Amino acid sequence: GLVDKEGHRHFMAKEIHEQPEVIAHTISRYVDPSTKTVRLPNGVFDFAKLDRLTVTACGTAYYAGLVSKYWFEKWAKLPIEIDVASELRYRDVPWTKNGGALFISQSGETADTLAALRDARANGQQIATVVNVAESSIAREADIIFPMAAGPEIGVASTKAFTCQLVSLACIAIAAGRIRGTLTAEEESVLVTSLLEIPRLVSEALKQSDKIETIARDIAKATGIFYIGRGVSYPIALEGALKLKEISYIHAEGYAAGELKHGPIALIDENLPIVVIAPKDAHFEKTVSNMQEVMARDGKALMVSCKDGIAEAGGKTWAAIETPQTHPMLAPIVYTVPVQLLAYFTATTKGTDVDQPRNLAKSVTVE
Ligand code: G6P
């Protein structure tokens, strides 16, 4: 049925493993595989006229928004800003006349996000949402609903909703680029081809489960852990750290790889594991050099990269998780899987209540 664990120990495990399927569903809502183009629902923002996009969300959905910033800037050359919903209203946002506001939410009921939506509406913005629950308050109050097809998510720690949000946002940013004339048909076709490969690559990434479970036995003993990434991988470092603290109660921090040397490196010693999100992209060498700075201080580096990346730089790391190579801009979708599994198995090793972690709620309806 829709809401049983289908043989998995926890809803979270079931939802992690559903990702190839729900990601494929979400892609099919946007992509025409025969023409290799992205279609958007009718009546969306006039991206050609849009002068600014304000993206707002909470928690995991906020990190999806952070990834989309890199996409909208690169493909659509669209000025975009992103903030957490609980802060947006406390700033004097310089709203523009042709501004759009995009709200990302799994539940569609998060009080902070809804309040931020109403604030953007009061300031004359066109309102769109990437939302999972179609009959929710946020869906009702938005002008435009961008679909995502994650299906019901029961585990409090968001997993499949996050990757489906990423897929939706990637498609919206690609279409925005085409409409604004900043992405060529050729570039669109390359990206769509890569998107269509993602469900298979996510299945591939899931095959590292057993290896990650073994690594998690050591991670479970740590009192603190860092995650680092650069560019589109930076928000995945943040999401990895959030997932770990939510369900394993281990203190975790995500950092931009280049910021590590500006403070947190002081904490590195042989007891502090550091997860390095390092897909093979233009930033690979720099991220590896940050990893080596950690290793030089006896930090335990866990490298997450593709086969070639690990062969090139992973020789002396404490551990490595092989993750399939994809289009470098789309790597966040695939690289989310190992950080989800690492959090999951760390929590099951510790024996915490994975689906109902202490103090957390699936949907937070107070500000
Ligand atoms: C809660 C949940 C998080 C979620 C956040 C935003 O804090 O525990 O997992 O990311 O709310 O929820 P939303 O439904 O708006 O995406």
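**Exercise 1. Work out how strand 3 pairs with strand 5 (residues 99-105).**

Start with the sense: strand 3 and strand 5 run parallel and share five bridges. They count as paired since DSSP needs to find at least two bridges between two strands. Strands here are DSSP runs of E with at least two residues, helices are runs of H or I with at least four, and both are numbered from the N terminus. Next, pick a register point: Arg52 sits opposite Gly99 of strand 5.

Before going on, note that this is a predicted model, where local features need pLDDT of at least 70, side-chain atom pairs count only at pLDDT 80 or more, and totals for chains, interfaces and linings use all residues. Residue numbers start from 1 along each chain as its sequence is written.

**Exercise 2. Find the partner of strand 3 among residues 80-84, and say how covered strand 3 is.**

First, strand 4 (residues 80-84) also pairs with strand 3 in the parallel sense, again over five bridges. Leu53 has Ile80 of strand 4 as its bridge partner. Then look at burial: five of the six residues of strand 3 (52-57) are buried, meaning 20 or more other C-beta atoms, placed from the backbone, lie within 10 Å of a residue's own.

**Exercise 3. Describe the sheet that holds strand 9 and what packs on it.**

Step one is the order: five strands make an open, parallel sheet, 9-8-10-11-12. Its edges are strand 9 (251-256) and strand 12 (319-322), each pairing on one side only. On average, neighbouring strands are turned by 20° against each other, direction ignored.

Now zoom in on one pair. Strand 11 (residues 300-305) is joined to strand 12 by four bridges, in parallel, and Ser305 has Glu322 of strand 12 as its bridge partner.

Last comes helix 10 (residues 234-248), which packs on the sheet and touches strand 8 (224-229), strand 9 and strand 10 (273-277). Contact means C-beta atoms, placed from the backbone, within 7 Å. The helix direction makes about 175° with that of strand 9; axes are lines fitted to C-alpha atoms, for helices over the stretch in contact, with angles from 0 to 180 degrees between N-to-C directions.

**Exercise 4. Characterise the shell around the ligand.**

Begin with the 16 residues around the ligand: Gly59, Ser105, Gln106, Ser107 and Thr110 come nearest. Being near takes a C-beta atom, placed from the backbone, within 6 Å. Then sort the shell: six residues are nonpolar, nine polar and one charged. Finally, helix 3 (residues 59-76) gives the largest share, three residues.

Key. Two residues are in contact if their C-beta atoms, placed from the backbone, lie within 7 Å. Ala, Val, Leu, Ile, Met, Phe, Trp, Tyr, Cys and Pro count as nonpolar, Asp, Glu, Lys and Arg as charged, and the others, Gly among them, as polar. A residue is buried if 20 or more other C-beta atoms lie within 10 Å of its own, exposed if 12 or fewer, and partly exposed in between; C-beta atoms are placed from the backbone.
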